[in-house]
Amino acid sequence: MAIGSGLGAQLGIAPETTYGTFVAPTKFVEFTKEGLQLKKTTAQSAGIAAGRLLPLSSRRVVTQKQVSGSIDLEVTNKAMGLILQALMGTTVTPVQQGATAAYLQTHTLADTAGKTLTVQVGIPLTTGTVTDKSFLGCKVVSAEFSCEVGGMLMCTLELDGKDCDETQTLAVASYPAMSPFHFGQMAVKTGSFGTETAHNGIRKVSIKIERPQATDRFYAGAAGLKAEPISNDQVKITGSLEKDYVDTALDDLHTSDAATSLVWEFIGPIIALTHAETFRVVLPAIRVDEAPPTVEGFDVVKPTIQFTGLFDGTNQPKIEYMSADITL
């Protein structure tokens, strides 16, 4: 019997073979908040009948169903592969580093067709009984990563799904020993792609990756459920850097509108030999949209640089993830 509060909740994920078809969770993610919900569209018959003062309950129908919502979590040194694959689109197999226990996942930007998840949430009643809500056909439509002074590397996922199934058996949650990436491991680098150097003065970083999808593919013959969403716009990558005004490098990029490569990385403990736990976002080309170094009093000047991630013509954005996970 679980604890009858959020302390007893669980969240498991599994990649689907067929869009919207349940797969029992195989990975369990530690999360801080979730807001996944079944959304239904109803229609009520409004036929006039002599003397009837209220619409008939029996003539209300559900015409459409879909799922939407968010998941907030800390980015950890294990169990992140399936989420990153669903976000970035590339089918990834972890690559063993030498003969060590370190495995590198390289999630390069690609189309997300077929990258859908079953997300099973266990929600406790006050009695301690944990109810099952299995959200089917979940696609990541955006993810925002952020970290600030003294904080953890956080991620907020926005999901779109096909349906909610409450008839499945709640999987038994199990968690590997894991730890979060945090500010003490963070570095930001800029410069020419492949030769970026550390940028000083950064206090907070936020990067958002949006995967626009046609989420309204409702067709006749599908019992009011949607077909798999497909990409219907270019990927949007935006972000911000909050910093002390220690130099004019990023301010100059705003003035010139020149491009720079951005590497945002977290390097944790060594797994084996020289291979360390790593979470790294590589944006081969960003352009600075805003960089206002304004004086607002006696304190240190702290500009916030807003930027857009673009394609440099050769190299795609990617997320590199080094962990001890042998599989996603």
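**Entry 1: strand β19 and its partners**

I began with the pairing of β19 and strand β21 (residues 318-323), and found that five bridges join the two, which run antiparallel. The model I am reading is a predicted one, and I keep that in mind throughout these notes. Within this pairing I looked up V282, which stands opposite K318 in β21.

I then turned to β20, which is likewise joined to β19 by five bridges, with the two strands running antiparallel. For R287 I noted T308 as the bridge partner in β20.

Next I followed β18 into β19, and here I found nine bridges between the two strands, again in an antiparallel arrangement. As an individual pair in this set I wrote down E265, whose bridge partner in β19 is R280. The two strands form a hairpin with two residues between them, and in that turn L273 has a positive phi of about 50°.

Having traced these pairings, I asked how many of the residues of β19 are buried. I found that 12 of its 16 residues are, so that the strand is mostly covered.

**Entry 2: helix α2**

Which residues of helix α2 (residues 249-256) are buried? I noted L250, D251 and L253, and I marked the aspartate, D251, as belonging to that list along with the two leucines. These residues lie on the same side of α2, because they cover an arc of only 155° around the axis.

I also looked up what lies over them, and the cover includes β12 (186-191), β17 (236-243), β18 (260-272), β19 (275-290) and β20 (304-310). Two of the strands from my first entry that are joined to each other by nine bridges, β18 and β19, thus appear here again among the elements that cover the buried residues of α2.

Just after the helix I came to D257, which takes a positive phi of about 60°.

**Entry 3: L109 in its loop**

My last stop was L109, which I located in the loop between β7 (103-108) and β8 (117-124). Is this loop residue buried or exposed? L109 counts as buried because its relative accessibility is 17%, and the cut-off for buried is under 20%.

To see what surrounds L109, I listed its contacts, leaving out residues up to four places away in sequence, and found M88, T90, R211, V235, Q316 and P317. I followed up Q316 from that list: L109 and Q316 are 207 residues apart along the chain, yet their C-alpha atoms are separated by 6.0 Å.

Key: Residues are numbered from 1 along each chain as its sequence is written. This is a predicted model: local features need pLDDT of at least 70, side-chain atom pairs count only at pLDDT 80 or more; totals for chains, interfaces and linings use all residues. Side-chain values use heavy atoms; hydrogens and water are left out. Buried means under 20% relative accessible area, exposed over 50%, partly exposed in between (1.4 Å probe, protein chains only). Helices (H or I, at least four residues) and strands (E, at least two) are DSSP runs, numbered from the N terminus. The arc is that of the directions from the helix axis to the C-beta atoms. Contact means heavy atoms within 4.5 Å. Two strands pair if DSSP finds at least two bridges between them.
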